[in-house]
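Here's a quick briefing on the chain you have open. It goes from the overall layout to the sheet, the core, the ligand shell and a few loop residues.

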Amino acid sequence: MAASSEAGGNTAVPRPEQLELSDDAAYLHYTANETIGGLAFDYTPRAVRPDGSEVPLVCDMSSSILAGPLDVSQFGIIYAGAQKNIGPAGLVVVIVREDLLDRARPDMPSLFGYKALAEAGSMVNTPATYSWYLAGLVFEWLEGGCRWTLGHGGDQRPQGRQAL
Ligand SMILES: Cc1ncc(COP(=O)(O)O)c(C=O)c1O
């Protein structure tokens, strides 16, 4: 674990200088807005290896996605359970950087392999069609003029839909 705020009663997000990152980390995972303790990151963490290469950033954005503009290029993988900000429970939106698509463990069932899913347009098997439909209505509603509530300006649109 790179950092924990448990000692302080989970009342503060670790500051960038408190992150203890291992040199050989495969990824850095964080939860942008954690709703149990009520902690939201006010910055996007970064991890760089000694050779200067960037460690892929993996983020649980279940309770922050679509709440404001998002630069997806900073992330290796973004995942978001739809039940918080998108719509129906049972659906997870995953945005994967292309070079990470084929990094699944060899013993991973193919249904969970992002490469196969991406190649099949997320339809390796029958998808949750009604959940997709409902999520689509939310995306259309957001694109159709919903104003951001977090102070980012009223005319900015989410980038998530293009990525999807
Ligand atoms: C960021 C984040 N991820 C995942 C979860 C888990 O969601 P659920 O309890 O709906 O399965 C929560 C719930 O609070 C959350 O805030």
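A residue counts as buried if 20 or more other C-beta atoms lie within 10 Å of its own, as exposed if there are 12 or fewer, and as partly exposed in between. By that yardstick, 11% of the 164 residues in the chain are buried. Keep in mind that this is a predicted model.

**Overall layout**

- The chain has 4 helices and 6 strands.
- Reading from the N terminus, the elements go β-β-β-β-β-α-β-α-α-α.
- How much of the contact set is long-range? Take the contacts between residues at least 6 apart in sequence: 43% of these join residues at least 24 apart.

**The sheet**

- Four of the strands, in the order β1-β4-β5-β6, make an open sheet with mixed pairing.
- β1 (28-31) and β6 (92-96) each have a single partner strand, so they stand at the edges and one side of each is left without a neighbour in the sheet.
- On average, neighbouring strands of this sheet are turned by 15° against each other, direction ignored.
- β1 pairs with β4 (residues 57-60) in the parallel sense, over 4 bridges. In that pairing, His29 has Val58 in β4 as its bridge partner.
- β4 and β5 also run parallel, joined by 3 bridges. Here Cys59 sits opposite Ile78 in β5.
- β5 and β6 run antiparallel, with 5 bridges between them. Ile78 turns up again on this side, standing opposite Ile95 in β6.

**β5 and the nonpolar core**

- Which side chains of β5 (residues 77-81) are buried? The side chains alternate along the strand: Ile78 and Ala80 point to one face and are buried, while Ile77, Tyr79 and Gly81 point to the other and are not.
- Both of those buried residues, Ile78 and Ala80, belong to the largest nonpolar core, which has 10 residues in all. The other members are Ala32, Cys59, Met61, Ile65, Leu66, Ala82, Ile86 and Val93.
- Leaving aside neighbours within four places in sequence, Ala80 is in contact with Met61, Ser62, Ile65, Asn85, Ile86, Val92 and Val93.

**The ligand shell**

- Which residues surround the ligand? They are Thr31, Asn33, Glu34, Thr35, Ile36, Asp60, Ser62, Ser63, Gly81 and Gln83.
- By class, the shell splits into 1 nonpolar, 7 polar and 2 charged residues.
- Gly81 in this shell is also one of the β5 residues on the face that is not buried.
- Ser62 is in the shell too, and Ser62 is among the contacts of Ala80.

**Ser64, between β4 and β5**

- Ser64 lies in the loop between β4 and β5.
- Is Ser64 buried or exposed? Ser64 has 22 other C-beta atoms within 10 Å, so it counts as buried.
- Beyond four places in sequence, Ser64 is in contact with Ala32 and Asn33. Ala32 is a core member, whereas Asn33 is in the ligand shell.
- Ser64 and Ala40 are 24 residues apart in sequence, and their C-alpha atoms are 8.8 Å apart in space.

**Leu91, between α1 and β6**

- Leu91 is in the loop between α1 (82-85) and β6.
- With 18 C-beta neighbours inside 10 Å, Leu91 counts as partly exposed.
- Leaving aside neighbours within four places in sequence, Leu91 is in contact with Ala82, Ala128, Ser131 and Ala135.
- Leu91 and Gly81 are 10 residues apart along the chain, with 6.1 Å between their C-alpha atoms.

**Arg103, between β6 and α2**

- Arg103 has its place in the loop between β6 and α2.
- Arg103 counts as partly exposed because it has 17 C-beta neighbours inside 10 Å.
- From Arg103 to Gly113, 10 residues along the chain, the C-alpha separation is 8.4 Å.

**Positive phi outside glycine**

- Asn10, in the segment before β1, has a positive phi of about 55° although it is not a glycine.
- Asn10 has 14 C-beta neighbours inside 10 Å, so it is partly exposed.
- Ser122, in the loop between α2 (114-119) and α3 (129-143), has a positive phi near 65° and is likewise not a glycine.
- Ser122 has 16 other C-beta atoms within 10 Å, so it is partly exposed.

Note on methods: Residues are numbered from 1 along each chain as its sequence is written. This is a predicted model: local features need pLDDT of at least 70, side-chain atom pairs count only at pLDDT 80 or more; totals for chains, interfaces and linings use all residues. Two strands pair if DSSP finds at least two bridges between them. Helices (H or I, at least four residues) and strands (E, at least two) are DSSP runs, numbered from the N terminus. Axes are lines fitted to C-alpha atoms, for helices over the stretch in contact, and angles run from 0 to 180 degrees between N-to-C directions. A nonpolar core is a set of buried Ala, Val, Leu, Ile, Met, Phe, Trp, Tyr and Cys residues joined through C-beta atoms within 7 Å. Two residues are in contact if their C-beta atoms, placed from the backbone, lie within 7 Å. A residue is near a molecule or strand if its C-beta atom, placed from the backbone, lies within 6 Å of it. Ala, Val, Leu, Ile, Met, Phe, Trp, Tyr, Cys and Pro count as nonpolar, Asp, Glu, Lys and Arg as charged, and the others, Gly among them, as polar.
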